[in-house]
Amino acid sequence: MAAEIVNPRSDSTTENSAEGAPEEPFDPAFALHRGGKMAIQATVPVRDKDDLSLAYTPGVAKVCSAIAEQPELVNDYTWKSNVVAVVTDGTAVLGLGDIGPEASLPVMEGKAILFKQFGGVDAVPIALATTDTDEIIETVVRLAPSFGGVNLEDISAPRCFEIERRLQEALDIPVFHDDQHGTAVVTLAALRNAARLTGRTLGDLRAVISGAGAAGVAIAKFLLAAGLGDVAVADRKGIVSRDREDLTDVKRELAEITNRAGLSGSLESALAGADVFIGVSGGTVPEAAVASMAPQAFVFAMANPNPEVHPDVAHKYAAVVATGRSDYPNQINNVLAFPGIFAGALQVRASRITEGMKIAAANALADVVGDALAADYVIPSPFDERVAPAVTAAVAAAARAEGVARR
């Protein structure tokens, strides 16, 4: 059955003059997106021939010649040092999956306006008409002279891991796959505060992650690097463990560093006695499995729009509940991380984004909550004006400390 397309122009149910049939009701989502959500705006005036001669020829030639002699001046005399390419191939868009580059553009535009609103960073959506790993890498490398950073977005696993790694090796600007690392940073911040609320440390916790895609793999690695006691990751076939013979290279590597308890079998069995559930996969976790978790457990069910554990169920058993939704407390939202991370990296012209910079971002984000910490407030709102400046400053300081800052 074909999906119905609503008429975004109609603001009421009215007669269609051509067909005599009523139009669909007004849809604000279509109305907001008509014509796109962003535009290019000049930062200098071009009011007369004098302005024109400075902004363009002949004045621009002096700047071009200076950059040709000293390439690093491009950061001072163009927008490069404050602009990010938001790159996708449209293969893993939201929960919609592989919908292609054109259909991904509304999301990429949305990402770009969030960069600007929350981090003061300009961003350009780039949707590529290829899913070939080599072609994506080659294309981004060729585009890189125009940008100060690259935000990879909605590229399916496992290709996303190789694409990010090879681009980081090839380029001297930050390359950041937000589906992996943005999610991991915000999850760590919320988990730190949940542990603090219940008088524990990260080292006291055993976590189970549902989902071994981009986000699940990155969260597992990042939490272990930050000091988590143990974590087991489950895919569709159960716990990722060394005894499984069906693992991809990425999952085989994951099995070597996770699951210190040596668990095998199903996600549900692994949850027995676990302190933390982190959902980044969709699906539904049975209530009995949630009930089997340790006292004062944390449930971070982040699938959208339907969390793996409904908050009403989670609250029966968990001390802290978080979701990916904006209509419940404790939203794990990447917009808390990526604008400030890029703003901090660009501010110091970092050559890359390190693990230390990401941990600094998570700590700064957690610290924003401060003494207001409560079960329904372990992570701040994206609209808290303290968030982006705190993350930006922490990331810039970490970049300098780790020797990747160039100013």
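In this predicted model, helices α8 and α9 are oblique to each other, because their axes cross at roughly 50 degrees, an angle that falls outside the ranges counted as roughly parallel, roughly perpendicular or roughly antiparallel. The axes of α8 (residues 178-197) and α9 (residues 214-225) come within 8 Å, and the crossing is right-handed. On the α8 side, the contact is made by D179, Q180, H181, T183, A184, V185, T187, L188 and L191. These residues meet A214, A215, A218, I219, F222 and L223 of α9. Sorted by class, the contact comprises 10 nonpolar, four polar and one charged residues.

Both helices also pack on an open sheet of six strands, and this sheet is a good place to turn next. Its strand order is β7-β6-β5-β8-β9-β10, and the pairing is mixed. The edges are taken by β7 (238-239) and β10 (318-323); each has a single partner strand, so one side of each is left without a neighbour in the sheet. Within the sheet, β5 (residues 206-210) and β8 (residues 276-279) run parallel and are joined by four bridges. Here I209 stands opposite I278 of β8. Helix α9 touches β5, β6 (230-235) and β8, and its direction makes about 175 degrees with that of β6. Helix α8, for its part, lies across β8, β9 (297-301) and β10, running at about 160 degrees to β9.

The contacts of α8 extend to another sheet as well: this helix lies across β3 and β4, at about 75 degrees to β4. Strands β3 and β4 belong to an open sheet of four strands, ordered β2-β1-β3-β4 with parallel pairing. In this case β2 (122-127) and β4 (175-177) stand at the edges, and since each has a single partner strand, one side of each is left without a neighbour in the sheet. On average, neighbouring strands here are turned by 20 degrees against each other, direction ignored.

Strands β1 (residues 83-88) and β3 (residues 149-152) of the four-stranded sheet run parallel, with four bridges joining them. Along this pair, V86 stands opposite N151 in β3. A further helix, α5 (residues 101-119), lies across β1, β2 and β3 and runs at about 170 degrees to β2. Helix α8 thus appears in the descriptions of both sheets, with β3 and β4 among its contacts in one and β8, β9 and β10 in the other.

Conventions
Residues numbered from 1 in each chain as written. Predicted model: local features only at pLDDT ≥ 70, side-chain atom pairs only at ≥ 80, totals over all residues. Heavy atoms only, no water. Pairing = 2+ DSSP bridges. Helix = DSSP H or I, 4+ residues; strand = E, 2+ residues; numbered from the N terminus. Axes fitted to C-alpha atoms, helices over the stretch in contact; angles between N-to-C directions. Contact = heavy atoms within 4.5 Å. Parallel < 35°, antiparallel > 145°, perpendicular 65-115°, else oblique. Left-handed = near helix turned anticlockwise from the far one by under 90°. Nonpolar A, V, L, I, M, F, W, Y, C, P; charged D, E, K, R; others polar.
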